[in-house]
Amino acid sequence: MSIIQVEGLKYKYPDSDKLALNDLSFNVNEGEFIGLAGRNTAGKSTLCFALAGLVPHFFNGGYGGKVIVDGLEVRQHEVGEISTRVGLVFENPFSQMTGSKYTVFEEIAFGLENMGLERNEIIQRVEESLALLDIVAIKDKNPFDLSGGQMQRVAIASIIAMKPKILILDEPTSQLDPQGSEEVFKVVENLANEGMTIIMAEHKMDKLAQYADRILLLDNGQIVDFDCPGKVFSRDDLHGFGMEAPAATRISKALGIKNKETGYFPVTIKELADEIGDKL
Ligand SMILES: Nc1ncnc2c1ncn2[C@@H]1O[C@H](COP(=O)(O)OP(=O)(O)OP(=O)(O)O)[C@@H](O)[C@H]1O
Ligand SMILES: [Mg+2]
């Protein structure tokens with residue numbers, strides 16, 4: 001069953017004469033992990049906004065086509081209602097903190113209080129989210145005393161606590177150091193394993209290759225490809241879209257090693273090692 005249906009989506013920012021999203025149509029199945037790839041200005045963030053309803057409700061401009069998330073047509077529903085089904089994580093963890101809470105626990109509880117949930121339900125959900133994001137040990141800390149990786153995990157916990165079916169992450173680690181990035185990727189992997197539908201815009205192709213079921217490659221507001229990582233990263237014209245294949249794919253190409261089953265170049269070191277192992 002498709003949990004996301006996008007039909008002929010077009011969008012133009014106000015005061016711009018160029019379509020940021022130009023006639024996109026695609027479906028996402030429940031539980032899939034989709035990697036959003038493409039050069040700067042390809043339209044990744046704009047698509048994230050459109051899936052979460054910020055486009056067109058917050059950013060006005062010209063809008064056409066349809067976006068349906070978990071049965072709701074985005075244009076017909078308010079952002080608040082959509083946010084209980086679709087969570088959106090931004091690049092900068094700092095900007096996602098409420099700024100008015102003194103502990104991580106209260107920070108995560110904030111959105112749940114706004115939802116009008118009962119106290120016991122709130123406590124239970126906060127505790128579950130703390131455990132899932134591996135941040136139980138920092139629950140009494142001030143959100144602004146945390147490292148970037150910890151802060152981003154608190155931002156994700158606040159969203160997860162609302163139990164959305166779909167989690168959208170727009171380059172969640174681009175402002176984090178390598179350790180913080182690893183912390184965030186690890187929790188995203190956990191959430192994917194729990195069966196959550198995940199859309200992640202990311203410039204680190206090695207990470208997308210590791211996690212994604214399919215890669216949605218955008219360029220100039222249009223879909224170039226939407227397929228398994230092996231197929232997308234094996235494309236000879238990838239450079240033309242400002243993209244570089246994962247390291248494993250580049251090595252495989254240089255060595256001429258393809259995955260025997262799929263016919264595509266391996267996209268992770270493990271996949272490459274398996275192919276080499278079979279040859280020995
Ligand atoms: N607030 C805005 N007002 C007007 N145009 C915008 C705005 N934000 C983005 N755009 C334009 O929309 C197009 C898509 O931009 P978008 O930010 O979605 O790309 P992106 O793929 O997320 O890029 P990046 O990798 O740099 O994050 C670009 O042409 C960009 O200049
Ligand atoms: Mg962006």
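Guide: In this predicted model, two helices count as roughly parallel when their axes make an angle under 35 degrees, as roughly antiparallel over 145, as roughly perpendicular from 65 to 115, and as oblique at the rest of the angles.

Visitor: Why are H4 and H5 called oblique to each other?

Guide: The axes of helix H4, residues 104–114, and helix H5, residues 119–132, cross at roughly 125 degrees and come within 9 Å. An angle of 125 degrees is neither under 35, nor over 145, nor in the range 65 to 115, and H4 and H5 are therefore oblique. In this crossing, which is right-handed, H4 passes H5.

Visitor: How do you know that Lys 44, Ser 45 and Thr 46 make polar contacts with ligand 1?

Guide: A polar contact needs a pair of N or O atoms within 3.5 Å. A polar side-chain atom lies 2.7 Å from an oxygen atom of ligand 1 in the case of Lys 44, 2.8 Å in the case of Ser 45 and 2.5 Å in the case of Thr 46, so each of these distances is within the cut-off. The protein buries 65% of the 630 Å² that ligand 1 exposes when taken alone.

Visitor: What kinds of residue make up the shell around ligand 1?

Guide: The shell divides into three nonpolar, six polar and four charged residues. Of these 13 residues, Thr 41, Gly 43, Lys 44, Ser 45 and Thr 46 come nearest.

Visitor: What makes Asp 15 and the bond from Val 55 to Pro 56 worth a look?

Guide: Most residues other than glycine have a negative phi, and most peptide bonds are trans. Asp 15, in the loop between strands S1 (2–12) and S2 (21–29), is not a glycine, yet has a positive phi of about 65 degrees. The peptide bond from Val 55 to Pro 56 is cis, with omega near 10 degrees, and Pro 56 is found in helix H2, residues 54–57.

Definitions and conventions. Residues are numbered from 1 along each chain as its sequence is written. Chains are lettered from A and ligands numbered from 1 in the order in which they are written. This is a predicted model: local features need pLDDT of at least 70, side-chain atom pairs count only at pLDDT 80 or more; totals for chains, interfaces and linings use all residues. Side-chain values use heavy atoms; hydrogens and water are left out. A residue is near a molecule or strand if one of its heavy atoms lies within 4 Å of it. A polar contact is a pair of N or O atoms within 3.5 Å; within protein, one must be able to donate a hydrogen and the other to accept it, and residues adjacent in sequence count only if both atoms are side-chain atoms. Accessible areas come from the Shrake-Rupley method with a 1.4 Å probe; for residues, only the protein chains shown count as cover. Ala, Val, Leu, Ile, Met, Phe, Trp, Tyr, Cys and Pro count as nonpolar, Asp, Glu, Lys and Arg as charged, and the others, Gly among them, as polar. Axes are lines fitted to C-alpha atoms, for helices over the stretch in contact, and angles run from 0 to 180 degrees between N-to-C directions. Helices (H or I, at least four residues) and strands (E, at least two) are DSSP runs, numbered from the N terminus. A crossing is left-handed if the near helix is turned anticlockwise from the far one by less than a right angle, and right-handed if clockwise.
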